[in-house]
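Me: I would like to go through this model sheet by sheet. Please show it, and then I will ask.

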Amino acid sequence: MSDTSLDGRKIKDMPDIATRLKRFRAASPLSFRLVAWILLFSSAFTLLASGIQIYSDYREDLSKIEQRMQVIESGYRSSLAQSLWALDQKHLQTQMDGILSLPDIEHLRLRIEPDSELVMGELPRDTDTLTHSFELIYRDDAEFRLGELTITASLHRVYDELRRRVGFILATQFLIIFVVSILILWIFRHLVTRHLADMADYTRDLSLRNLSRPLELDRPDTPAYQRDELGMVTEAINQMRERLIDDVTRRERDEAEIRKFSKAIDQSPSSVLICDRQWRIEYANRKFSQLTGNSPSEIIGKHPSSLIDPGVDSHEARQLWKSIRLQVQRVGVWQGEVNSTRKNGERYWEQLVVTPIKDNNGESTGYLILGEDISIRKRYEQQLLRQANYDILTGLPNRMLALDRLKLALAQARRDESKVGVMFLDLDNFKHINDTLGHDAGDTLLIEAARRISSCLRGTSTVARLGGDEFLVVLPGLNGPDASSQVAERILKTFAPPFMLSGQEVFVTTSIGIATFPDDSDNSGTLLQHADAAMYEAKHKGKSAYARFTPEMSEVSHERLQMESHMRKALELGEFELYFQPIVDTASGGLVAAEALLRWNNPAMGMVMPDRFIPLAEETGLIIPIGEWVVKEACQAAYCWQAMTGREISIAVNVSPRQFRDPGFTDAIMRALNDSSLRPELLELEITERLILDNSIETADILKQLDKVGIRLSVDDFGTGYSALSYLKSYPFDTLKIDKSFVQDVLKENEDASLVRAIINMAHSLGLKVVAEGVEEEDQTHFLKAEHCDYSQGYFYSRPLPEQDFIHWLETNERANLK
C-alpha cells in the first residue's frame, strides 16, 4: 500500500491491479472460464470473417487494376493508332508516358508491324503482375493492323495494401472481441461474483474506520433475497458492524469524496496530467490516452517534454519547459500552443494550460497540465491564410501575395544592386473562348496556362494570377534586361502547342508586357502600370508577342485611362449622340430604313469615332448600358419619324457580342420598344458573323425569342469573317449585309463582282434580303440593280447625319419620298 496526494489529503491506495486480478481469479474462476470460451469461439469466427473480407478486398483491388487497363484501351487505342499511322513519334512517346504514369502501370511493350517494338518501363522482378494486350488498328477505307500494345501492371501496391488491411482488420476485430468479452465478464460479475467480492472486501476491511454504513448488496431488498445465502451472510456481517459504526461512517464519507474527484478528472473533456514537484508525470486521464495514444503506464515517471514533437531538439524542449516552469512560478499560470506528437507519429497542435497544485500552506506540491487538441482550428487558420494569399483555381499566389513578393524583390535588388523584371501577361481572346466553350473550359485553360508559365521560371521567380486571365511574373536578381526577354520567349514558345478544352484542340496565345527595375521605375506600383502598358502594346503588335516598356507607352496608357474615365461619365453627361444613314431600295431609290450609328462628342477629346472607344467599352463592360441607350434612342427616333412623315421607316441597330450575351439583353430590347411604342417589325438588329459562329444554345434561344416577337435580324459585314453559310439556315435571319470592302471594287475587280453576285444569289435562295454597304458611285448602283440587290447604303445616297440633319434630309431629298 502506498500514499498518494491529490488534494492535500493522504488516502490509502487501492491494491494494485495484479493483486486485484489474483483475488478476482481466486474468487471467481467461473468468470475466467466463461471468458476463455468466449474468446475461443469469437476468435475462430473472427479469423473466418476477416479472411473472407480480406480476400474480397484483394479481388476488388485486382478488379480495379483490370478496369484501369480496360479504360486505357478504350481511351488510348484510337489516339495511339493515329499517332502510329502518322509516324508521330513525339506524340506517341507522350501518350505512352501518360499511360506509364498511371497507378500500378510499370511496363509497356509496343510491338510495331512488321518486326519493330518500343519498350518503356521495367518489368517488376519481385512481385506478381497483370498484363493486358490490345491491337492497334487504323481504319480509313480499310483496316490496317499497326501493332499491339502490352501493358504490365505490378501487384506490389496491392500486396502492400493487403498486408496493411490484414493487420488493421485483425487488430480491430480482436479489439472488439476483447471489449465484448470484458463486457460479458462484467455482466456475470455484476450478477454473481461482485456480491461475493463485495462481501469479502467488506469483511476484510471491517474496522472502526469503515463501518459508517451497513453491508448492502446491489440487489432487491425483498424477503426472497433476504432468505438466500447472500442475504444470510449479509445479515451476519451487519451484526458485527454495529460495534464500530461511528468510525466506519467517517471513513466512507471521505472515500466518496475522493471517488467523485477522481471521476471528474478521469471523465474530463480535456486531457489532464498531474506532475510532482520535479515535473515527473504521476497521473494521466482517459482523454489524454485518447488524444495521444499513450497509456498511463507508458508515461508515468517521464517528463512532459518527452511528449513534444520528436523533430524538435531535446535541448529546445527542455528550454521550453524551463520557461513554462519559470512563468508558472512567477505568474501562477502558463498558457500557450505546443506542437505535440501522438504515439503513432502523427503531429498535432495542442492548447496547454499549466498551473501549480498547492497545499493548505500555499506550497506547490505538483503541477496540473490541461490540454486540448486544436489541430482543426489550426488547419482552418492555415486554410484562411492560404485563401487570403493564393488563387483557389490555379494555386498560384494572388495579387496581395504577389505585390508583397515584388516589394521584397525590389528591396533585395536595392541591396544587391541587381535588376528585377516584372512581366504582365494577358491571354489573347480568353473571353471569346470562355463564352463559346463555357466557364469549365475557361477554368481548365487558366489552370493549364498557369502550369505552362510556371514551367518556364526558376525557383526564385514568382508567377501569380491577378484575376481573370491576367498573370504577373516577378523575376528577381537579373543581371541585364535580356534575361526577362529570354523568359518571355520561353513562355510564348510553351503556348505554341494547343490546349485540350472540352475535347477539342484550341490554340491560345498570350501577350506579355515587360518593365524592369530600376530602369523603368523604382517602385512597385509604377512598374506594374508600365508592364500593363507594355502588354497592351504587345497586343497591338498582333498578339502572341512581348513588348518592353518605353516612355512613349505611358502616354498611350494614360490616354486609355483618360478615355475610360471620360466614357464612364459620358452617358450621364449626354455626350453620346446618334447619327443616321439612309438605307434605300436599290431599284427605286426610295428610303426604306436608316442605320443608327453611335458617335461620342467629348469636350476634351472632341468627336471620338466608334473604332476608338467601342473596343474599350467592350472590354470594360460599359458597352451594355451604352448599347441599351442606343436601342432606346433609335426606337424613339424611328417613332418620331413615323409621326412626322406618316411613313413607317425601319431602324437598324448594331449589337455587340458582349451586349448580346448580357442576361438582360432581350428585356432591354422589349423595354425600348414598349417605351417608344414602335412596332417590333420596324426594328432590325445587326449581328456579327463571329457571334453566329459561337453556335451555342444561348445564342439560338435569344435569336428565336427576338424573331418570335417580330424583330428583324440581320447579318452584318457578311464575308469579312468565316462566312458561316450553314448557320444562315439554322437561325431566323431576314437580311444579309454585304461588306463595303467587296462593294467598292465591283467595277474594278472581277473576283469582287463575282463574289457579290454569288452572295446575292445565295441569300435570295435562302429567302433573305440583301443590303449592299459602301455604295459611293452611281455605276455601282447600276451593277447592284442588274444583280437584283434589294437595298443599298452609302455616301452616294447620304453620309451618316445627326438626327436634325437626317430629318432635314427626309424633308428635302426627293428620293426619300419615293416608295
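## Two sheets and their surroundings

Me: In which sense do E3 and E4 pair, and over how many bridges?
Reply: Strands and helices are DSSP runs numbered from the N terminus, with at least two residues for a strand (E) and at least four for a helix (H or I). Two strands pair when DSSP finds at least two bridges between them. E3 and E4 do so in the antiparallel sense, and the count is 6 bridges.

Me: What kind of model is this, and which pLDDT do local features need?
Reply: Numbering starts from 1 along each chain as its sequence is written, and side-chain values use heavy atoms, without hydrogens and water. The model is predicted: totals for chains, interfaces and linings use all residues, side-chain atom pairs count only at pLDDT 80 or more, and local features need a pLDDT of at least 70.

Me: In E4, which residue is the bridge partner of histidine 107?
Reply: E3 and E4 form a hairpin, with 3 residues between them. E3 covers 105–112 and E4 covers 116–121. Across the two strands, histidine 107 has as its partner glycine 121.

Me: What is the omega of the cis peptide bond between glutamate 113 and proline 114?
Reply: Most peptide bonds are trans. Proline 114 sits in the loop between E3 and E4. Its bond to glutamate 113 is cis, with an omega of about 5°.

Me: Which strands stand at the edges of the sheet that holds E3 and E6?
Reply: The sheet is open and antiparallel, with 4 strands in the order E4-E3-E6-E5. Each edge strand has a single partner strand, so one side of it is left without a neighbour in the sheet; these strands are E4 and E5.

Me: By how much are neighbouring strands of the sheet E4-E3-E6-E5 turned against each other?
Reply: Axes are lines fitted to C-alpha atoms, for helices over the stretch in contact, and angles between N-to-C directions run from 0 to 180 degrees. For these neighbouring strands the average, direction ignored, is 15°.

Me: Which residue in E6 stands opposite arginine 139?
Reply: E5 and E6 (residues 143–154) pair in the antiparallel sense over 11 bridges. E5 spans 129–139. Opposite arginine 139 stands glutamate 143.

Me: At what angle to E3 does helix H3 run?
Reply: H3 is formed by residues 89–100 and lies across E3, E4 and E6. Contact here means heavy atoms within 4.5 Å. The angle to E3 is about 145°.

Me: What is the strand order of the sheet with mixed pairing?
Reply: The sheet is open and has 5 strands. Its edges are E13 (462–467) and E18 (546–548), each pairing on one side only. From one strand to the next the twist averages 20°. The order is E13-E14-E12-E17-E18.

Me: What is the bridge partner of phenylalanine 424 in E17?
Reply: E12 (residues 419–427) and E17 (residues 510–517) run antiparallel and are joined by 8 bridges. In E17, phenylalanine 424 has as its partner glycine 513.

Me: At what angle to E17 does helix H16 run?
Reply: H15 (residues 482–494) lies across E12, E14, E17 and E18, at about 165° to E17. H16 (residues 524–540) also lies across E12, E14, E17 and E18. Its angle to E17 is about 145°.

Me: What is the omega of the cis peptide bond that joins phenylalanine 517 and proline 518?
Reply: Proline 518 lies in the loop between E17 and H16. The bond that joins phenylalanine 517 to it is cis, and omega is about 0°.

Me: Is serine 502 buried or exposed?
Reply: Serine 502 lies in the loop between E15 (499–501) and E16 (504–506). Its phi is positive, near 55°, though it is not a glycine. Buried means under 20% relative accessible area, exposed over 50%, partly exposed in between (1.4 Å probe, protein chains only). At 56%, serine 502 is exposed.

Me: What is the phi of serine 677?
Reply: Most residues other than glycine have a negative phi. Serine 677 lies in the loop between H21 (665–676) and E23 (683–688). It is partly exposed, with a relative accessible area of 49%. Its phi is positive, about 65°.

Me: What share of the 819 residues counts as buried?
Reply: The chain has 28 helices and 28 strands. Among contacts with a separation of 6 or more, 61% are between residues 24 or more positions apart. The buried share of the residues is 42%.
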